[in-house]
Structures are given as C-alpha cells and as structure tokens.
Amino acid sequence: MVVCGRAGGGSLVGMTRTQVDEAGTPVDEAAGFAAVRVRGLRRSYGDVVALDGVDLDFGAGTFTAVMGPSGSGKSTLLQCAAGLDRPSGGTVCVDGVELGGMSERRLTLLRRERIGFVFQAFNLLPSLTAAQNVALPLRLAGRRPSRGAVRQALARVGLAERAGHRPAQLSGGQQQRVALARALITRPAVLFGDEPTGALDTTTSREVLGLLRELVDREGQTTVMVTHDPVAASYADRVVFLVDGRVHGELARPSAEAVAARMAGLERGAGVLEQAAGSVAC
Ligand SMILES: Nc1ncnc2c1ncn2[C@@H]1O[C@H](COP(=O)(O)OP(=O)(O)O)[C@@H](O)[C@H]1O
Ligand SMILES: [Mg+2]
C-alpha cells in the first residue's frame with residue numbers, strides 16, 4: 001500500500017485523522033490534510049482528452065463544487081477520484097492512500113469503505129425498502145448491519161420515519177436523501193455527488209443542498225459535488241472551474257452571482273472557440 005505524503009494547502013476544518021508520511025512519521029496536522037489529492041491527472045478516451053493534467057486538493061471537512069461547460073471533464077474527474085475509472089496518467093490519493101497500482105479487489109474494498117457516491121438518478125433498488133437500500137453497502141461488504149446503524153443513517157438525513165417505504169412511495173428529494181444515507185453509512189472519507197440535485201425541483205434541491213451543507217458543518221463530511229447550478233455551488237466552501245479537462249481557476253466562499261458571472265464568461269469563451277473552429281471548417 002502506498003501511503004501518500006504531506007498534503008499541502010488542505011483545510012484545517014474537520015480534520016480528524018493523524019496522517020503519516022512515506023517514512024511513517026506522523027505529519028504535522030497544521031499542514032492540513034487533503035481527504036482527496038490528485039496530481040497530474042489525465043484521462044483519454046481514444047483521441048478524446050477528458051482530463052489534461054489536473055492538480056487539486058480537497059481538504060478534509062470541506063465542501064467543494066466542481067463546475068464547467070458540458071464536456072469539460074467534471075464527471076471524469078469524479079469517477080477517477082472515486083476509483084470508479086482508471087486514469088491514463090497521474091495520481092489519486094484518497095484518505096492518504098494512493099489508488100494507482102491497487103488490485104481491483106483492494107480498490108473495490110476501498111471504494112466500499114472509504115468513498116460515498118451519489119448520482120443524479122438516485123439509483124435505488126425499487127424492490128427494497130429505504131432501510132434495505134441503506135443497508136446494502138454493508139451487506140455487500142459481508143457485514144450484518146444492525147437495525148440501529150441503519151436507523152441512525154436514515155435519521156442523519158431526516159428520514160427515520162420512512163425506513164419501511166419503497167422508493168416509489170417517496171418523493172424525489174426523499175429518494176436522494178435515502179441515496180445519501182446509503183452513501184454515508186460506512187462513514188466514508190469523502191462523499192462525491194455528480195449533479196446530485198440535477199433531477200430535483202428548486203425547493204427540493206435546496207433541501208438536499210442544505211442537508212449536504214449541514215453534514216459538512218456538523219460532521220466534517222468532506223464533500224465534492226459537480227453541479228451546473230450557481231445557487232447549488234454557493235452552498236460549497238469553494239468552487240473549482242474546469243475547462244477542456246484543465247482547472248481554470250477557483251472561487252472561495254462563492255456567491256451564486258459570482259459563480260454565475262464566472263460561468264457565463266467560461267461559456268462565452270467556449271462559444272467563441274467553437275465559432276472560430278466552425279469558421280475554419282467552412
Ligand atoms: N466513456 C467514455 N468514452 C468516450 N468518451 C468519453 C467517455 N466519458 C467521457 N468522454 C468524453 O470525455 C469528455 C469529458 O466528459 P465528461 O467528464 O462526461 O464531461 P462533463 O461531465 O464535464 O460534461 C467529453 O468529451 C466526453 O465526450
Ligand atoms: Mg457530467
């Protein structure tokens with residue numbers, strides 16, 4: 001197992017683990033700890049370069065939004081950082097452990113224990129109750145989940161009373177909260193969300209975002225969320241912008257207005273480039 005070294009520039013908020021460096025020496029916690037660190041991350045699909053050298057730290061206990069035009073590599077970044085996709089180059093460290101070179105088996109175990117993921121489509125199993133859906137990751141890990149642990153996971157997302165309901169009996173917002181409880185039951189080092197509010201109406205979306213924020217503030221849950229909604233991004237501590245598979249600046253303590261202005265600039269830029277490419281083609 002490769003243990004990642006000192007994480008520069010991470011946040012001090014919610015830091016709970018003592019890290020060790022390559023020599024096994026505890027790293028000075030004042031240096032901050034990145035729950036996820038990517039360096040020189042590249043991912044190509046044939047001729048398409050989805051990620052073109054991304055360096056990012058996601059500090060423990062922080063909430064980061066990832067934004068960028070469609071096709072800029074946001075989903076690919078999340079999938080690589082979560083060990084769901086193998087990068088073409090560069091490194092990913094989660095919770096101080098480098099994913100590269102891990103066997104599929106070890107990677108699966110790490111994903112199951114240390115990484116939570118929620119998607120735009122809630123991906124709940126329709127025939128299972130909320131409680132059974134939430135218990136699934138533990139069952140897959142060969143553990144017998146206690147009723148108390150499942151109930152507590154549902155309580156964390158405000159759904160203790162809905163344990164026996166099936167997905168079809170729940171609203172979209174409630175289904176996403178069940179998916180969150182399922183992602184969080186193993187107490188992962190990081191929660192990833194790829195457009196987790198993309199399928200929800202405005203009011204429900206705000207409820208889910210408020211819950212994500214609360215989990216960060218109350219429990220120090222490191223969270224990384226892709227979104228195209230500036231209001232959603234404003235719930236985060238930081239917004240990272242991607243363009244053409246590269247980091248294109250960031251905003252700290254973002255307001256929805258500042259994020260919208262930055263996105264409009266990026267999309268105008270992308271439009272100008274497309275037009276230029278179009279005029280060459282003509
Ligand atoms: N499995 C894949 N096969 C081929 N191309 C892909 C695949 N996944 C993503 N891409 C391409 O990589 C680029 C980045 O995609 P993606 O990460 O999904 O962007 P975003 O989430 O920002 O919209 C796009 O050009 C997309 O078409
Ligand atoms: Mg995407």
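In the predicted model, strand E1 (residues 34-45) pairs with strand E4 (residues 89-94). The pairing is antiparallel and runs over five bridges. One bridge can be placed exactly: Val-38 has Val-92 in E4 as its partner.

These two strands belong to an open sheet of four strands. The order is E2-E1-E4-E5, and the pairing is antiparallel. E2 and strand E5 (97-98) stand at the edges. Each has a single partner strand, so one side of each lacks a neighbour in the sheet.

Strand E2 (48-59) also contributes to the surroundings of ligand 1, giving two or more residues to the shell. Helix H1 (74-81) does so too. H1 gives the most, with three residues. The residues around ligand 1 include Tyr-45, Val-48 and Ala-50. Gly-68, Ser-70, Gly-71, Ser-72 and Gly-73 are also among them, as are Lys-74, Ser-75 and Thr-76. By class, the shell has seven polar residues, three nonpolar residues and one charged residue.

The largest nonpolar core holds 71 residues. Within this core, Val-36, Val-134, Ala-181 and Val-190 touch the most other members. Helix H5 (residues 172-184) supplies the largest share of the core, six residues. In soluble globular proteins, nonpolar side chains tend to be buried together.

Val-134 shows the contacts of one such core residue. Leaving aside residues up to four places away in sequence, Val-134 touches Val-150, Ala-153 and Leu-154. Val-134 also touches Val-178, Ala-181, Arg-182 and Ile-185.

Technical notes. Residues are numbered from 1 along each chain as its sequence is written. Chains are lettered from A and ligands numbered from 1 in the order in which they are written. This is a predicted model: local features need pLDDT of at least 70, side-chain atom pairs count only at pLDDT 80 or more; totals for chains, interfaces and linings use all residues. A nonpolar core is a set of buried Ala, Val, Leu, Ile, Met, Phe, Trp, Tyr and Cys residues joined through C-beta atoms within 7 Å. A residue is buried if 20 or more other C-beta atoms lie within 10 Å of its own, exposed if 12 or fewer, and partly exposed in between; C-beta atoms are placed from the backbone. Two residues are in contact if their C-beta atoms, placed from the backbone, lie within 7 Å. A residue is near a molecule or strand if its C-beta atom, placed from the backbone, lies within 6 Å of it. Ala, Val, Leu, Ile, Met, Phe, Trp, Tyr, Cys and Pro count as nonpolar, Asp, Glu, Lys and Arg as charged, and the others, Gly among them, as polar. Two strands pair if DSSP finds at least two bridges between them.
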